[in-house]
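Reader: I'd like a close look at one part of this model, the aromatic residues. Could you walk me through them and then show me how the rest of the chain is laid out around that?

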Amino acid sequence: MNQLRLAKGYSQRKLAKLAGLTNTSISSIERNKVSPAVNTLKAILTVLGSDLTTFFSDEWKEPKARVVVTPKDLLELSEAGSRVSLKQVYNCSTTKNLGFLIETYQPNSSTEEKIAHEGEEIGTVIEGKILIRVEETTYLLNQGDSYVIDTMKPHTFINPSDSITRIVSAHTPTTY
């Protein structure tokens, strides 16, 4: 299911929203922590443009992992029209343990309010500045500053400036 989701360019959040589920449900299913009910799996596959017959057949092949990922291969995780771009470096590997994002924040933009998901995230501001609000504490990072956060704590990224901000970040697990 993870491969189908990534091939569509959907984040777990987007798939969950389109299928009428929670992000936690999608994450648990993809990590084989939970087996979905047939009607839940059918709803997910419908959103992904597949069906139960195809899903359980050998009709689709696993793509081969790439060594080089070009800009056209990056997966946009943000909603269309968003002022924040989160591009995931994805090489079609089914065994990856680390996610990597190239993030661009337009002037005076922010992520959705108080995101929380399992894992840890580390990043560096490569251009501009960013405010990171973790729970009730706000941190101002400038170009060259880095951060490490427990992503289970609600957090928000805010570009308070009139300039573009760019960040590179990595997160574990790869569920985003």
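Author: Tyr105, Tyr147 and Phe157 form one aromatic cluster. A word on what you're looking at: this is a predicted model, where local features need pLDDT of at least 70 and side-chain atom pairs count only at pLDDT 80 or more, while totals for chains, interfaces and linings use all residues. Residues are numbered from 1 along each chain as its sequence is written, and side-chain values use heavy atoms, with hydrogens and water left out.

Back to the rings. The structure holds two aromatic pairs; rings of Phe, Tyr and Trp (its six-membered ring) pair if their centres lie within 6.5 Å, and planes under 30 degrees apart count as stacked, over 60 as edge-to-face and the rest as tilted. Take Tyr105 and Phe157: their ring centres are 6.3 Å apart and their planes sit at 20°, so this pair is stacked. Because Tyr105 lies in strand β3 (residues 99–105) and Phe157 in strand β8 (residues 155–158), the pair ties together parts 52 residues apart in sequence. Helices (H or I, at least four residues) and strands (E, at least two) are DSSP runs here, numbered from the N terminus.

Phe157 also pairs with Tyr147, this time edge-to-face, at 5.5 Å centre to centre with 65° between the planes. That pair links distant parts of the chain too, with Tyr147 in strand β7 and Phe157 in strand β8, 10 residues apart. Tyr105 and Phe157 are buried, and Tyr147 is buried as well; buried means under 20% relative accessible area, exposed over 50%, partly exposed in between (1.4 Å probe, protein chains only).

Now for the strands. Six of them form an open sheet, in the order β1-β2-β3-β9-β4-β7, with antiparallel pairing; two strands pair if DSSP finds at least two bridges between them. The edge strands, each pairing on one side only, are β1 (75–76) and β7 (146–150), so Tyr147 belongs to an edge strand. At the β1 edge, two bridges join β1 to the antiparallel strand β2 (residues 84–88), and Leu75 has Gln88 as its bridge partner in β2.

The helices come before all this: along the sequence the pattern is α-α-α-α-α-β-β-β-β-β-β-β-β-β. In α2 (residues 12–19), Gln12, Arg13, Leu15, Ala16 and Ala19 are buried. They cover an arc of only 165° around the axis, which puts them on the same side of α2; the arc is that of the directions from the helix axis to the C-beta atoms. These buried residues pack against α1 (2–8), α3 (23–30) and α4 (38–47), with contact meaning heavy atoms within 4.5 Å.

In α4, the buried residues are Leu41, Ile44, Leu45 and Val47. Their arc is only 160°, which puts them on the same side of α4. Val38, Asn39, Lys42 and Thr46 are exposed on the other side. Cover for the buried residues of α4 includes α1, α2, α3 and α5 (52–55). Each of these two helices is followed by a glycine with a positive phi near 75°: Gly20 after α2 and Gly49 after α4.

As for the whole chain, 41% of its 176 residues count as buried. Among contacts between residues at least 6 apart in sequence, 64% join residues at least 24 apart.
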